[in-house]
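Subject: Handing over a structure

Dear colleague,

I am passing on to you the structure that follows, together with the sequence. Please look through it once on your own, and then read on for what was found in it.

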Amino acid sequence: MRYLSAESECDWFGSSCGNNGQLSELNLGFIPSEITSLQDLLELDLDGNLLITGPIPSEIGRLTQLVTLDLDTNDMTGTLPTSLFSLENIVNLDLNSNRFE
């Protein structure tokens, strides 16, 4: 399986591309460090993994096109980064069942 390799994003495991050939959805089950370079990403669904721990990275604010961010039912902790509140296109935000402060 290819995760965030140099090959086409449409070939990545867990990805979907729109009619324009741009990556529109990524559902991997973990947060790879390269995630914030996907500036055209519309949906990030990491719901129900339970193994995702630690804080939401402050770089999440770089994903300015996000419409859906679903981090429900993980083991994430810490405070919510202020950059999260700059995601102006968010319609669906689910942070339930984590251990945020």
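A good place to begin is Thr68, which counts as buried because its relative accessibility is 15%, and the cut-off for buried is under 20%. Thr68 has its place in strand β5, which covers residues 68-70. Please keep in mind throughout that this is a predicted model, and that the values below were computed from it. The side chain of Thr68 makes a polar contact with the side chain of Asn92, at 3.2 Å. If residues up to four places away in sequence are not counted, Thr68 touches Leu42, Glu43, Leu44, Ile90 and Asn92.

One of those neighbours, Leu44, leads us to the interior of the protein. Where does Leu44 lie? Leu44 belongs to strand β3, residues 43-45, and with a relative accessibility of 4% it counts as buried. Leaving aside the residues within four places in sequence, Leu44 is in contact with Leu26, Ile35, Ile60, Leu63, Leu66, Thr68, Leu69 and Asp70. As an example of how the fold brings separate parts of the sequence together, you could take Leu44 and Val67, which are 23 residues apart in sequence while their C-alpha atoms are 8.5 Å apart in space. The largest nonpolar core holds 19 residues, and of these Leu41, Leu44 and Ile60 touch the most other members.

It may help to step back now and consider the protein as a whole. The secondary structure consists of eight strands and zero helices, so that reading from the N terminus gives β-β-β-β-β-β-β-β. Of the 101 residues in the protein, 36% are buried. The accessible surface comes to about 5,800 Å², and carbon and sulfur atoms account for 45% of that surface. If you consider the contacts between residues at least 6 apart in sequence, you will find that 40% of them join residues at least 24 apart.

Next comes the pairing of strands. In which order do the three strands of the open sheet stand? The order is β4-β6-β8, and the pairing is parallel. Strands β4 (53-54) and β8 (99-100) stand at the edges with a single partner strand each, and therefore one side of each is left without a neighbour in the sheet. As background, strands of a sheet pair through backbone hydrogen bonds, and they may do so in a parallel or an antiparallel way.

The two pairings can be followed residue by residue. Strands β4 and β6 pair in the parallel sense over two bridges, and Gly54 has Met76 in β6 as its bridge partner. On the other side, two bridges join strand β6 (residues 75-78) to β8, and these strands also run parallel. Here Gly78 has Phe100 in β8 as its bridge partner, while Thr77 stands opposite Arg99 in β8.

Strand β6 also shows an alternation of side chains that is worth tracing on the model. In a regular strand, the side chains alternate between the two faces of the sheet. Along β6, Met76 and Gly78 point to one face and are buried, whereas Asp75 and Thr77 point to the other face and are not buried.

Asp75 takes part in another feature as well. How many salt bridges does a search of the whole structure find? The search finds one, in which the side chains of Asp75 and Arg99 meet at 2.7 Å, N to O. This pair links distant parts of the chain, since Asp75 is in strand β6 and Arg99 is in strand β8, 24 residues apart. Asp75 is partly exposed, with a relative accessible area of 26%, and Arg99 is exposed, with a relative accessible area of 51%.

Finally, please look at Thr53, which lies in strand β4. Is Thr53 buried or exposed? Thr53 counts as exposed because its relative accessibility is 52%, and the cut-off for exposed is over 50%. Not counting residues up to four places away in sequence, Thr53 touches Asp75 and Met76. Thr53 and Gly78 are 25 residues apart in sequence, and their C-alpha atoms are 9.7 Å apart in space.

With best wishes

Technical notes: Residues are numbered from 1 along each chain as its sequence is written. This is a predicted model: local features need pLDDT of at least 70, side-chain atom pairs count only at pLDDT 80 or more; totals for chains, interfaces and linings use all residues. Side-chain values use heavy atoms; hydrogens and water are left out. Helices (H or I, at least four residues) and strands (E, at least two) are DSSP runs, numbered from the N terminus. Buried means under 20% relative accessible area, exposed over 50%, partly exposed in between (1.4 Å probe, protein chains only). Contact means heavy atoms within 4.5 Å. Accessible areas come from the Shrake-Rupley method with a 1.4 Å probe; for residues, only the protein chains shown count as cover. A nonpolar core is a set of buried Ala, Val, Leu, Ile, Met, Phe, Trp, Tyr and Cys residues joined through side-chain atoms within 4.5 Å. Two strands pair if DSSP finds at least two bridges between them. A polar contact is a pair of N or O atoms within 3.5 Å; within protein, one must be able to donate a hydrogen and the other to accept it, and residues adjacent in sequence count only if both atoms are side-chain atoms. A salt bridge is a side-chain nitrogen of Lys or Arg within 4 Å of a carboxyl oxygen of Asp or Glu.
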